[in-house]
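Visitor: I should like to take a close look at a single part of this protein, namely its disulfides and the strands around them. Would you please guide me through that part step by step?

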Amino acid sequence: QLQLVESGGGLVQPGGSLRLPCKTSGFILEYYAIGWLRQAPGKEREGVACISTNDGITNYADSVKGRFTISRDNAKNTVYLQMNSLKPEDTGVYYCAAEMVYSAGSDWCSRAPSNFGSWGQGTQVTVSS
């Protein structure tokens, strides 16, 4: 059974940092592109970052470029989102999501929520003083 479990969320002051791990199980991570998406209260879910199976390919939303970094460790079945210089507008529930691309060397990377078939339960991030 394919599972993704996010953790690492919490309350942080503006300018602070958090690292969100997404632990995966039940599938071979190296064949899946991974995205991190978030949903703020009253807003639609938006893609924050994605990483291809060829992990030289990443893509970020303009609002987080230079502050967030997505990475993957296939040996540990874990994907990470490092978030620095956090702002109040980064507040929301953060989800990791997976989509099979059938290749360990694919360049495919998408932040669109509709492109992901498997989702975690989410972890809450609150940026506030």
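Guide: A disulfide is counted here when two cysteine sulfur atoms lie within 2.5 Å of each other. In general terms, a disulfide is a covalent bond between the sulfur atoms of two cysteines. The model before you is predicted, and by the stated rule it has two disulfides. With the bonded cysteines counted along the chain, the pattern of pairing is 1-3, 2-4.

Let us begin with cysteine 22, which is joined to cysteine 96 with an S to S distance of 1.9 Å. Cysteine 22 belongs to strand β3 and cysteine 96 to strand β9, so this disulfide ties together parts that are 74 residues apart in sequence. The torsion about the S-S bond of cysteine 22 and cysteine 96 is about 50°, and the disulfide is therefore right-handed. Are these two cysteines buried or exposed? A residue counts as buried when its relative accessible area is under 20%. Cysteine 22 has a relative accessibility of 0% and therefore counts as buried. Cysteine 96 is likewise buried, because its relative accessible area is 0%.

The second disulfide joins cysteine 50 to cysteine 109, with the sulfur atoms 1.8 Å apart. Cysteine 50 lies in strand β5, which covers residues 46–51, whereas cysteine 109 lies in the loop between β9 and β10; the two are 59 residues apart, and the pair links distant parts of the chain. About the S-S bond of cysteine 50 and cysteine 109 the torsion is about 105°, so this disulfide is right-handed. Cysteine 50 and cysteine 109 are both buried.

We may now follow the strands that hold the first pair, starting on the side of cysteine 22. Strand β3 spans residues 18–25 and pairs with strand β8, residues 78–83, in the antiparallel sense over six bridges. Within this pairing, cysteine 22 has valine 79 of β8 as its bridge partner. Both strands are part of an open sheet of four strands, with antiparallel pairing and the order β1-β3-β8-β7. At the edges of this sheet stand β1 (3–6) and β7 (68–73), each of which pairs on one side only. On average, neighbouring strands of the sheet are turned by 15° against each other, direction ignored.

On the side of cysteine 96, strand β9 runs over residues 92–100 and pairs with β4 in the antiparallel sense over eight bridges. In that pairing, glutamine 39 is opposite valine 93 of β9. Strand β9 also pairs with strand β11, residues 123–127, over three bridges in the antiparallel sense, and here tyrosine 94 has threonine 123 of β11 as its bridge partner. A further antiparallel pairing, over two bridges, connects β9 with strand β10, residues 118–119. Alanine 97 stands opposite tryptophan 119 of β10.

Strand β4, the partner of β9, covers residues 32–39 and contains arginine 38. Arginine 38 counts as buried because its relative accessibility is 6%. Its side chain makes a polar contact of 2.7 Å with the side chain of glutamate 46, and another, of 3.5 Å, with the side chain of serine 63. Apart from neighbours within four places in sequence, the residues in contact with arginine 38 include Val93 and Tyr94.

The loop between β8 and β9 holds threonine 91. The side chain of threonine 91 reaches the backbone nitrogen of valine 127 at a distance of 2.9 Å. Residues up to four places away in sequence being left out, threonine 91 touches Ala40, Gln124, Val125, Thr126 and Val127.

Finally, let us consider the nonpolar residues. In soluble globular proteins, nonpolar side chains tend to be buried together. In this model the largest nonpolar core has 27 residues, and those with the most contacts inside it are Trp36, Phe68, Ile70, Leu81, Met83 and Tyr94. At least two residues of this core come from each of β3, β4, β5, β7, β8, β9 and β11. Leucine 81 shows how such contacts are arranged: setting aside residues up to four places away in sequence, its partners include Leu18, Leu20, Trp36, Ala49, Phe68, Ile70 and Tyr94.

Definitions and conventions. Residues are numbered from 1 along each chain as its sequence is written. This is a predicted model: local features need pLDDT of at least 70, side-chain atom pairs count only at pLDDT 80 or more; totals for chains, interfaces and linings use all residues. Side-chain values use heavy atoms; hydrogens and water are left out. Two strands pair if DSSP finds at least two bridges between them. Axes are lines fitted to C-alpha atoms, for helices over the stretch in contact, and angles run from 0 to 180 degrees between N-to-C directions. Buried means under 20% relative accessible area, exposed over 50%, partly exposed in between (1.4 Å probe, protein chains only). A polar contact is a pair of N or O atoms within 3.5 Å; within protein, one must be able to donate a hydrogen and the other to accept it, and residues adjacent in sequence count only if both atoms are side-chain atoms. Contact means heavy atoms within 4.5 Å. A nonpolar core is a set of buried Ala, Val, Leu, Ile, Met, Phe, Trp, Tyr and Cys residues joined through side-chain atoms within 4.5 Å.
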